[in-house]
Amino acid sequence: MSPHDASARLVLPFAEVRGKDLPRVGGKGANLGALAAAGLPVPPGFCVTTAAFDRFLAGVPGIGELLAAIDALDPDDLDATRAASLRAREQLTAARIPPEVRAAVLAALHAAGVEHAYAVRSSATLEDLPDASFAGQQDTFLEVRGEDAVLDRARACWASLFTDRAVVYRRRNGYGSRAARLAVVVQRMIRPDVAGILFTADPVTGHRGVCTIDASFGLGEALVSGVVDPDVYRARKADGALLDVRVGAKAIAIVAKPGGGTETREVPPERRAGRALDDAAVAALVALGRRVEALQGAPQDLEWGVEAGAIFLLQARPITSAYPLPAPPPRDPALHVYVSFGHMQVNTAVMTPLGISLFRAFFPVGRPSDGARSELMAHAGGRLFIDVTPLLRRAPFTRLLPAIIENGSSMIADRLREVAGRPAFREGRAAPARLGSLLRFLLPFVARVARQLMTARPEAAKAACEAELVRHVEAHTRRLAEAAPGAPRLRAAERMIHEGFPIFALPFVASGAVAWKLLGALLRGRVPRSTIDVIGRGLEGNVTTEMDLALGDIADLARAAPAVAEHLQRADPRTAIDALRGTPEAAPFLTAWDHFLTRYGHRAAGEIDAGVPRWSEDPSTLVTSLAGMLYEGASGTHRQRFAAARREAEEAITAILDAAGLGPLGAPRRAFARGLIRRARVYLSLREHPKFFMMQLFDRGRRAAREAGAIAVERGLLASIDDTWMLELDELTSALEGGAVAEQLQATVVERRAALARHARMSPPPVITSEGEAVVARRDRRDLPAGALAGVPVSAGVVEGVARVVRDPTREVLRAGEILVAPFTDPGWTPLFLHAAGLVMEVGGLMTHGSVVAREYGIPAVVGVETATTAIWSGARIRVDGDQGHVVILDDAAGHS
């Protein structure tokens, strides 16, 4: 290798560093080089490259074995990790710097000016990245003077790659010791009067139009290390205008010592009370932030200092915690507000690119033309969001929309009311075509709801709806089967999905909800709300309830064959069923199992994502649920429980009708109540039907995409069939029609897969604006017991029991009698409800899936407990109050596992 090859160079001045040099100079060095090249006010300096680090590391005796030992440790074994990390640091700190590295560093130092003081900073290759900052994991040294001090601090930076926190952080993020390499940034120090941090998007809410500045006196180290209470300024990004300021105590300042190093000094009381920055300085910093953000193409976290009135940029990195903006962006400049579709569907999991593109083709509202995708269905962070701006800006929907959404999610409704009350939102203008599209959908919908409530015979209407749903799916399935495999069938699948939304079925479900609400209004003050809620229990004909009961029957068949039951509890759920094939004792169980998958195999946890395997492909969730049922309980308990729920509903109906018949106009009120109850029970039993049949279409669309993916693999366009789900539907179709190069397609897959993993670690906001603000709304819950977790009561009753936190129903077992605590649930989760004693969820509302099923089974449930899966732990004993809407952690059930 030529000594002039850039990859072999031991030192690179900032002026020669570019963003592509990250493998050589680390994240911090690459960013500083890009900033300096753009003419931004970066103090000069140089980078000691990873090539120098490699040479240094190669000379450390036994380091390879030591790193291998670190990587073999459990990252949660902190004591062992701490001991191994200490041994690595001791080895590195005592090691000799190779002569060629020493000479290169000293030559660069003399060229930069050995008389100056320098900051010597670690710059890891796994640092300041677009998808993970890894910030603060390695060491930084300030006010370093002289040749020996710079070399010594560089070696200390190399050793800090193996601090306890750095090792644990890397391991928990899936990186081994060899994956990280370390460069060292040597940057001339400034002597700031004021220093701090600037975020070009609000770090709390994500608002892209607001900059937040923290500022204190002296070096920024006091602020970064958390030892000073700084001023906090919020300013409008567009022009730097100050929005508000909180003056901090600023009691101390870290300043440079004349001979090197730093010291802490007290700030005089009269200076503490004043602002560290005036309005002009705030505006100048915001202008600098805008330049950096424009250069880097994403919101930035800047470190800065002001010396003798001049602003210097010390560092900039992406704000990796900022939730992505909804895409596509609005067509108009007004403020738009988006609702998380995942929160409404009670499934906030990340979705595959193919799943998102398929659902956007499916959504029937807001299509600008026939065949086009809805402009109201956006995506951000691997999730779907609905633009509700056209409705929320106009009366009566400004009040009506949050009231309707309250049934699905009170946390969303509260946030929408917060946004709707803002003048900036009310004064905006939404695209009129979008409103027209919504009205074309809503007006016939409302008319159908009225007809079902007033004139239709519920039982006949339900039968007609069910028959039409079957015909609807069969017609689309026939057309799909007639298309040739590959691109033609993909296009047919897109047409099927585009035309497949069963709008005709939704008014039936809405009629049931309206009847239920009207019944509550009719009997307010006569019957407790909890009694009216009970009429939703034991509904006949709910397809999801029937599915769960059928699975309970299969569990009984397994229970009747002890060897089968024991096998299901012990075997790998992915292979447990196949292992039973050919076993005579398992024959009745397998017959019922196969029949179940014929009827329900198109379903899955997270099923609105067509990229998720269906139960017919991967039955792990079902096997895990069966294993949980078999730990305790007796045959038939699920049927008995359902029958008991139906009896409770019948008793509640009797009490309601008796109360309705009392007093003046008792007879007509009783008759009206009877009609509302009949409609509520019949129509609410249809609640799961539209999705049940929609998922049949999605299953067929998934099969077409999988078939197309296999063809793409045969042609060398994709590396594996699993790569199919990382492409959008149009991209996959175009690829098969010759519109893609294999290398580009596979690069897209790698990029998308990394983005999917990154987004999976993010929590989607229930409501987000087009400016990136995650809207927050607070509820007054002063009536809560001390320490209680607030939520929304959705199924009456109070239960105490052992909590089981389940995040993945395919891997975690809920035992009979435990209380299910989950981030969300959908029909793929509901087999767990058969043996749950209660339910707590982080999202949801009165009419969302899990709430309805909980009421049908008669188990107490509280939803909208936003911190449920982190505040509650498996094994804790909790009380779920489904009457008042809160959860209390009582104690830790010792020994429960």
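**Sheets, helices and a few buried residues**

Strand S6 is mostly covered, with 6 of its 6 residues buried. The structure in question is a predicted model. Val194, Gly196 and Leu198 point one way from S6, while Ala195, Ile197 and Phe199 point the other way, and all are buried. The strand also has a partner along each of two stretches of pairing. With S7, S6 pairs in the antiparallel sense over 6 bridges, and Gly196 has Ala215 of S7 as its bridge partner. With S12, S6 again pairs in the antiparallel sense, over 6 bridges; here Leu198 has Leu302 of S12 as its bridge partner.

As for confidence, the protein chain averages a pLDDT of 88, and 94% of the residues score at least 70. One stretch to treat with some care is residues 128–134, where pLDDT stays under 50. For these residues the model has 26 contacts beyond four places in sequence.

Stepping back from S6, the wider sheet comes into view. Its 6 strands form an open sheet in the order S9-S8-S7-S6-S12-S13, and the pairing is antiparallel. At the edges are strand S9 (242–246) and strand S13 (310–318), each of which pairs on one side only. Neighbouring strands in this sheet are turned by 20° against each other on average, direction ignored. Helix H10 (residues 279–296) packs on the sheet and touches strand S6 (194–199), strand S7 (210–217), strand S8 (231–236), S9, S12 and S13. The direction of H10 makes about 140° with that of S12. Strand S12 (residues 300–307) is joined to S13 by 8 bridges, and the two run antiparallel. Within that pairing, Gly305 finds its bridge partner in Phe312 of S13.

Moving on along the chain, the loop between S13 and strand S14 (337–340) holds His336. This residue is buried, with a relative accessible area of 0%. The side chains of His336 and Asp332 are joined by a polar contact of 2.7 Å. A rather different pairing of residues is His336 and Glu617, which are 281 residues apart along the chain; their C-alpha atoms are separated by 40 Å.

Strand S14 belongs to another sheet. This one is open, has 4 strands in the order S15-S16-S14-S17, and shows antiparallel pairing. Strand S15 (377–380) and strand S17 (767–769) stand at the edges with a single partner strand each, so one side of each has no neighbour in the sheet. On average, neighbouring strands here are turned by 40° against each other, direction ignored. S14 and S17 pair in the antiparallel sense over 3 bridges, and Val337 stands opposite Thr769 in S17. Helix H15 (residues 410–420) lies across S14 and S17, running at about 175° to S14.

Just where H15 is approached from helix H14 (397–405), the loop between the two helices contains Ser409. Ser409 is buried, with a relative accessible area of 1%. Leaving aside neighbours within four places in sequence, Ser409 is in contact with Met344, Gly844 and Gly845.

Helix H18 (residues 458–482) comes next. With 25 residues, H18 reaches 37 Å from its first C-alpha to its last, close to the 36 Å expected at 1.5 Å a residue. The buried residues of H18 include Ala461, Lys462, Cys465, Leu469, His472, Val473, His476 and Leu480, and Pro458 is buried as well. As background, an α-helix has 3.6 residues a turn, so residues three or four places apart point the same way.

Last in this tour is strand S20 (residues 798–805), which is mostly covered, with 6 of its 8 residues buried. Its pairing takes two forms. S20 and strand S24 (residues 876–881) pair in the antiparallel sense over 5 bridges, and Gly801 stands opposite Ile878 in S24. By contrast, S20 and strand S21 (residues 819–822) run parallel and are joined by 3 bridges; there, Ala803 stands opposite Ile819 in S21.

How values were computed
Residues numbered from 1 in each chain as written. Predicted model: local features only at pLDDT ≥ 70, side-chain atom pairs only at ≥ 80, totals over all residues. Heavy atoms only, no water. Pairing = 2+ DSSP bridges. Axes fitted to C-alpha atoms, helices over the stretch in contact; angles between N-to-C directions. Contact = heavy atoms within 4.5 Å. Buried < 20%, exposed > 50% of the residue type's maximum accessible area, 1.4 Å probe, protein only. Polar contact = N/O pair within 3.5 Å; in protein donor to acceptor, adjacent residues only side chain to side chain. pLDDT = per-residue confidence, 0-100. Expected span 1.5 Å × (residues − 1).
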